[in-house]
Amino acid sequence: QMVGTKRWKKHIDRGDEPEFIPDPSDKQPDDWEQGNPLFIQDLAQQKAPDGWDEEMDGQWEAPQKPNPDYKPWKPRMIPNPAFQPYRPPYLETFTAEVSEAAPWVVFGIIITATMNVLPLHLEERLTQLSG
């Protein structure tokens, strides 16, 4: 099973567009297949087998085998303008609550830090005054 298949299946099930699409303006070069064929002649079987009769069997053609160097042409992928990333509904609520609470959290940190540092300064001042 491919990695991310379930995630991709969710995209399809929700009807969302894929994030990247093939570039419609990207065309396969005319000379792509030249020097890069899908099948090549099997050089080990260039000669006709023993008992091959050209009059009865026709002209011998060596069998083809898959080309190990074959690389299929793939169009360039571009970002899909119709793509909308999936955001779970709870994420909107969570983001709103965090942004609402953030100033209070910062305020609380400042107050806590001040309360931890303030007694040190008061003790120094009291020692100076009594000393």
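Is Asp-23 buried or exposed, going by its relative accessibility? At 11% relative accessibility, Asp-23 counts as buried, because the cut-off for buried is under 20% relative accessible area. The model described here is a predicted one. The points below cover a salt bridge, a nonpolar patch and a patch of negative charge.

**Salt bridge**
- One salt bridge turns up when the whole structure is searched.
- Its partners are Arg-76 and Asp-23, whose closest N and O atoms are 2.6 Å apart.
- This pair links distant parts of the chain, with the two positions 53 residues apart in numbering.
- Arg-76 sits in the loop between strand S3 (64-66) and strand S4 (77-79), while Asp-23 sits in the loop between strand S1 (20-22) and strand S2 (39-41).
- Arg-76 has a relative accessible area of 46% and is therefore partly exposed, whereas Asp-23 is buried.
- Side chains of opposite charge can pair when their charged atoms come close.

**Nonpolar surface patch**
- Trp-104, Phe-107, Ile-111, Met-115 and Leu-118 make up a nonpolar patch on the surface.
- Together these residues have about 560 Å² of accessible area.
- One of them, Leu-118, belongs to helix H3, which covers residues 89-130.
- Leu-118 counts as partly exposed because its relative accessibility is 41%.

**Negative surface patch**
- A patch of negative charge on the surface is formed by Asp-53, Glu-54, Glu-55 and Asp-57.
- Asp-57 lies in helix H2, made of residues 54-57.
- With a relative accessible area of 40%, Asp-57 is partly exposed.

Conventions: Residues numbered from 1 in each chain as written. Predicted model: local features only at pLDDT ≥ 70, side-chain atom pairs only at ≥ 80, totals over all residues. Heavy atoms only, no water. Patch = residues over 30% accessible without salt bridge, like charges linked within 9 Å, V, L, I, M, F, W, Y side chains within 5 Å. Areas by Shrake-Rupley, 256 points an atom, 1.4 Å probe, with all protein chains shown as cover. Salt bridge = Lys/Arg side-chain N within 4 Å of Asp/Glu carboxyl O. Helix = DSSP H or I, 4+ residues; strand = E, 2+ residues; numbered from the N terminus. Buried < 20%, exposed > 50% of the residue type's maximum accessible area, 1.4 Å probe, protein only. Lys, Arg positive; Asp, Glu negative; His and termini not counted. Charge placed at Lys NZ, Arg CZ, Asp CG, Glu CD.
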